[in-house]
Amino acid sequence: MILAAALFCIGLFGVLSRKNAIAILLGIELMLNAVNINLVAFWRYLDPSRMAGQVFAIIVFATAAAEVAVGLALIISVYRRRSTILADEIDLMKW
Amino acid sequence: MNFWNDPINFIADWLRGLLTSRGMTTGLSTVILFFIGIVVLIIFAMMLDIFLVWVERKVVARFQDRLGPNRIGPFGLIQPFADIIKLVIKEDITPAGADKLVYNMAPVLAMASVILLWAILPLASKIYGVDLNVAVLYLVAAGALGTLSIIMAGWSSNNKYALLGAFRMVANMISYEVPMVVTLLIPTILANTMSVKGITDAQHSVWFVILSPLGMMIFLISAIAELGRAPFDLNEAESEIVAGFHIEYTGMKFGLFYAGELLHAFTFGGFVAMLYFGGYGVFGLEKFLPFLQAPLVSALIFLAKAMVGYWVIMWVKYSMPRIRIDHLLAFNWKFLTPLSLVVLCVTAIASKLLSGSPTWLVAMVMFLANVVIAWLTIEILRGVGRRQRKVEEHLTSPSSPLVRHGSE
Amino acid sequence: MTPDQIIFLISAVLILVSALMVVITHNLVHAALWLVAALFGVAVLFAILNASFLAVVQVVVYIGAIAVLFVFAVMLTRKELRDRGTQTRANWWIPALLGVLILAGLAYLILGQPDVSRTAPAIPAGVDTLRALGTALVSPDGYALPFEAASVLLLAALVGAVYVAVGRRS
């Protein structure tokens with residue numbers, strides 16, 4: 001569990017401190033993996049005969065895959081319009 | 001258990017006894033035994049790979065009505081060793097702008113993704129690496145690692161043709177994973193288990209190729225596309241992009257890619273043999289001829305079947321022209337994927353409805369269902385082709401307003 | 001130390017080192033490849049925890065599809081082949097401090113639990129986890145509803161990604 005917490009914090013650091021939008025998505029992937037590790041560890045250590053842990057982990061997989069697909073599509077289309085994907089320079093909605 | 005019935009365990013016990021008698025604990029000796037087993041398996045796979053290079057060159061020569069290597073050794077058998085020596089003494093060039101770590105790791109990863117598959121390939125009922133209960137998915141996972149190594153190779157070569165070749169090849173491989181997974185599910189459903197040993201044992205009465213010939217053909221086609229061999233070999237289109245993602249690789253690194261591709265082809269031949277053609281068993285005959293159950297004999301049977309599968313893959317490679325990338329992807333998404341899904345649904349429903357019936361009834365019904373699906377597909381394709389021909393005729397007929405004659 | 005613990009330590013070190021390299025390295029393609037290493041370590045961890053289906057699905061879905069998507073996206077969104085400038089923001093020490101504080105807080109909470117380090121109970125013999133997982137996913141009194149919801153989510157993501165990426169052609 002400490003491993004999962006450490007992984008989560010590294011992912012958080014990555015999300016908050018990188019400029020490139022794709023690098024932010026990489027940090028989000030690390031956080032989702034940390035969550036999965038926790039889920040599977042809980043499933044194994046507490047009650048391996050109920051399937052709730054593994055099913056939840058599979059749903060998290062599916063959600064992560066969906067989110068990465070849509071996120072990357074958005075990033076590519078932003079790149080086509082604005083020729084940049086640095087998070088600082090995408091500021092049309094700022095005041 | 002003596003040597004003939006159970007060779008692997010026999011040797012393992014003897015070695016373990018040897019090691020513990022020198023004062024080693026059983027835990028450590030087990031770990032060492034595992035390592036020895038892994039090394040022996042890899043050595044076997046690589047020796048087979050060398051033999052496959054010779055087979056490939058002889059077979060392609062015969063298909064092209066010539067003799068093939070026959071100078072070195074009897075029938076050219078020492079030719080692969082000459083090839084290896086040549087590759088090893090070549091100069092090892094790394095391009096100037098290449099990403100050194102990624103560039104050097106890519107061929108290693110490509111070869112590793114193929115050797116990983118040998119862990120689950122059952123050579124006999126007692127000779128196999130490990131009996132995973134998710135072995136069918138493991139097959140797809142090893143293919144995914146191969147995809148990654150291709151991108152690494154294409155990107156790190158710092159060469160736009162390599163990158164283009166890598167992109168096309170990865171699009172090819174990812175697209176054809178879908179019908180491959182779907183047709184891998186067909187033996188899983190028919191055998192009720194994902195473990196390869198279970199699938200092979202479930203074919204002791206009837207081979208799955210009779211229960212689902214369409215599944216076998218779709219699996220073969222998508223396996224050939226996954227391997228990147230002709231007719232899906234845009235990557236190595238010598239006349240177009242000169243060897244694609246492995247342009248910049250010389251010497252033994254190229255040798256790893258090339259030998260890895262041949263071993264991959266043979267491994268997939270083995271998988272087709274195991275999933276659809278009964279693996280290491282000859283149906284029913286084991287009861288009559290007990291010597292067929294001995295592991296070494298069934299390993300030979302399995303290797304023979306895998307070699308036949310490999311020969312079919314080579315046959316397709318040297319007989320068909322290359323397919324264009326858009327035709328290739330359209331073929332996959334518009335034809336193979338819906339067809340394989342339909343075959344899967346029909347197989348699942350039929351297998352559930354007929355679960356208690358005698359084997360011959362199940363075999364006949366499923367075979368007929370496959371024939372019906374094939375016939376329907378051909379009818380649909382004919383209808384589509386007929387409509388397209390009518391549209392083209394309309395567009396190019398002399399009375400059409402779109403065609404102007406010379407002087408008006 | 002049991003071999004399980006040794007493998008766990010090795011894979012834990014692999015995961016943490018790879019994750020650190022993902023968020024620190026300058027070259028984005030290297031970052032994506034370090035992510036692959038981290039995901040592979042997570043797959044090894046799942047295999048040790050007897051979740052064999054999840055381990056293989058992790059390799060197939062995460063490494064085989066998501067990591068490949070990341071590498072493609074990195075290659076397609078750059079004007080030249082090299083990264084220029086710094087990749088981390090100027091005030092990177094704030095998130096680093098935040099990360100360390102949160103880690104310390106979580107570790108304190110975790111270690112304060114009563115039975116934090118115990119060995120796993122043995123899987124009851126005769127329970128085939130794979131078969132139980134399959135049954136749970138499709139049985140109506142199991143988890144069929146989340147399963148179907150996840151497939152609708154994937155369909156929505158598929159349609160959305162295609163629409164966003166292809167743009168308006170008509």
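Biologist: What makes B:Ala306, in helix H12 (residues 295-317) of chain B, count as buried?

Modeller: B:Ala306 has 25 other C-beta atoms within 10 Å. A residue is buried if 20 or more other C-beta atoms lie within 10 Å of its own, exposed if 12 or fewer, and partly exposed in between, with C-beta atoms placed from the backbone. So B:Ala306 is buried. Do keep in mind that this is a predicted model: local features need pLDDT of at least 70, side-chain atom pairs count only at pLDDT 80 or more, and totals for chains, interfaces and linings use all residues. Residues are numbered from 1 along each chain as its sequence is written, while chains are lettered from A and ligands numbered from 1 in the order in which they are written.

Biologist: Leaving aside neighbours within four places in sequence, which residues is B:Ala306 in contact with?

Modeller: They are B:Phe266, B:Gly269, B:Gly270 and B:Ala273. Contact means that the C-beta atoms, placed from the backbone, lie within 7 Å.

Biologist: Which span is expected for helix H4 (residues 100-115) of chain B?

Modeller: The expected span is 1.5 Å times one less than the number of residues. With 16 residues, H4(B) is expected to span 22 Å, and its 24 Å from first C-alpha to last is close to that. Helices here are DSSP runs (H or I, at least four residues), numbered from the N terminus.

Biologist: Where does H4(B) kink?

Modeller: At B:Ala106, by about 30 degrees, shortly before the proline B:Pro107. The bend is the angle between axes fitted to the seven residues ending there and the seven starting there. Both B:Ala106 and B:Pro107 are among the buried residues of H4(B).

Definitions and conventions:
Two residues are in contact if their C-beta atoms, placed from the backbone, lie within 7 Å. Helices (H or I, at least four residues) and strands (E, at least two) are DSSP runs, numbered from the N terminus.
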